[in-house]
Amino acid sequence: FRRNPSSMAYAPPSFVSGYPPGAAPVHYPTGQPGVAYAPVFAPGAPQASSGTHGTVVPAPNFNPIADAEALRKAMKGFGTDEKAIIEVLTHRSAAQRLEIAKAFKMSFGKDLIADLKSELTGNFEDVIVALVHERSHYEAACLRKAMKGAGTDDHVLIELILTRSNAEIKATKAAYTEQFQRDLEADVSSETSGYFRRILVSALQAFRPDTATVDVAQAQQDAKALFEAGEKRFGTDESVFNQILMARSPAQLRATFQEYYNLSHHDILHAIENEMSGDVKKAYKAIAHSVIDAPAFFAGRLFKSMDGVGTSDDDLIRLVVTRSEVDMVEIKAAFEKEFGKTLARMIEGDCKGDYKRALLALIGA
């Protein structure tokens with residue numbers, strides 16, 4: 001970090017090498033450790049929803065019966081009015097979409113998801129159908145898909161387990177059992193191994209404290225323990241990282257990461273990059289980065305889904321659908337700041353037709 005003596009603030013390094021743009025670490029405005037912390041990393045962890053904004057918000061004057069009728073009209077007879085479907089479902093909140101599904105079944109005796117699947121195809125179908133599922137059930141389905149068949153999509157497990165709040169994890173576990181008559185923790189345990197499995201299993205306990213209170217002495221102690229378990233020794237004691245990163249609140253972790261910088265003179269992401277490898281490194285970096293600046297973390301995931309040859313449509317759809325009501329406004333800003341282009345522009349270049357139009361509507365473009 002480059003320090004400005006007059007402001008006692010830090011100039012954050014690049015997204016790749018350290019803290020993401022806009023995520024300057026906490027500091028002591030008085031210069032006296034333990035006296036007063038400035039506000040922690042902006043705009044905060046995803047569970048701190050008061051500081052973030054979605055691009056999809058509840059529609060005013062909502063009428064689920066009228067919306068159900070509009071959808072029925074769009075799918076009835078020869079051909080399908082995809083624009084009408086986009087107009088209704090991408091401009092309603094998740095709770096409102098569930099009400100529309102209930103109204104659709106009540107009015108027409110038909111299942112909305114089944115009708116949509118029969119009328120739509122491809123990636124456009126996947127986006128629209130995802131919107132009509134309760135979020136916990138959708139994420140449970142994504143996790144099941146990530147573990148089913150040959151191989152495991154570890155990055156999906158990392159995203160949907162390690163960046164979620166206790167309440168979100170509990171809801172997804174319940175939805176997973178309800179949909180598939182299987183235990184999520186058991187499936188994760190059977191599909192992963194080593195410390196990567198330990199990290200995921202720890203997170204699935206949904207026992208992380210969620211208090212906003214920071215214990216400065218504990219942060220200093222934890223920072224020292226992390227330093228001694230990693231950079232200060234030959235080899236890395238992953239168990240210490242697991243105990244601290246999985247057992248502290250987001251606010252406490254942000255304070256710990258500041259103390260780590262005070263001790264080592266570089267950031268925790270740099271340390272994880274150098275000390276870890278494979279899925280364990282990816283997991284710990286996801287935890288740290290999403291705690292430091294969740295929108296920047298998800299902006300990076302969105303960029304990766306479209307970067308290079310081809311598009312990872314499953315990742316793109318999942319990220320847009322799940323973040324559209326949480327922090328998409330901040331994600332869009334972080335995306336443009338880091339990658340020099342808007343998220344809308346990148347979607348326009350990678351996607352086509354109704355699929356593109358649905359995604360753009362969800363991100364408020």
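**A small cavity, a pocket and a nonpolar core**

Sorted by class, the residues around the largest cavity come out as 6 nonpolar, 1 polar and 3 charged. The model is a predicted one, and in it this cavity takes up a volume of about 30 Å³. There isn't much competition for the title: the structure holds just 1 cavity of 30 Å³ or more. The lining is made up of Leu143, Leu160, Ile161, Arg164, Glu168, Ile169, Thr172, Lys173, Leu184 and Leu204. Two helices, helix 7 and helix 8 (residues 166-180), each bring at least two residues to this wall. Helix 8 chips in the most, with 4 residues.

Next comes the second largest pocket, with a volume of about 470 Å³. A total of 21 residues line this pocket, and Tyr138, Ala141, Cys142, Lys145 and Asp314 are the ones closest to its centre. Where does the lining come from, in terms of elements that give two or more residues? Helix 5 (122-131), helix 6 (135-147), helix 7 (154-162) and helix 16 (313-323) fit that description. Helix 6 is the top contributor here, giving 6 residues. As for the mix of classes, the pocket lining has 8 nonpolar, 8 charged and 5 polar residues. Helix 7 thus turns up in both places, as it gives two or more residues to the pocket lining and at least two to the lining of the largest cavity.

Then there is the packing of the inside. In soluble globular proteins, nonpolar side chains tend to be buried together. Here, the largest nonpolar core runs to 100 residues, and Leu116 and Leu162 have the most contacts inside it. Helix 15 (residues 278-306) provides the largest share of this core, 16 residues. What does Leu116 touch once its neighbours within four places in sequence are left aside? The list is Met75, Ile85, Leu89, Ile128, Val129 and Val132.

Finally, a word on confidence. The mean pLDDT of the protein chain is 85, and 85% of its residues score 70 or more. Residues 1-50 are another story, with pLDDT below 50 over the stretch. In the model, this stretch still has 121 contacts beyond near neighbours in sequence. Where pLDDT is low, though, the predicted coordinates shouldn't be read in detail.

Methods
Residues numbered from 1 in each chain as written. Predicted model: local features only at pLDDT ≥ 70, side-chain atom pairs only at ≥ 80, totals over all residues. Heavy atoms only, no water. Core = buried A, V, L, I, M, F, W, Y, C linked by side-chain atoms within 4.5 Å. Buried < 20%, exposed > 50% of the residue type's maximum accessible area, 1.4 Å probe, protein only. Contact = heavy atoms within 4.5 Å. pLDDT = per-residue confidence, 0-100. 1 Å grid on protein atoms, 1.4 Å probe; cavity = no way out; pocket = protein on both sides within 12 Å on 5 of 7 lines; lining within 4 Å. Points joined across faces, edges and corners; volume = space filled by probe spheres on them. Nonpolar A, V, L, I, M, F, W, Y, C, P; charged D, E, K, R; others polar.
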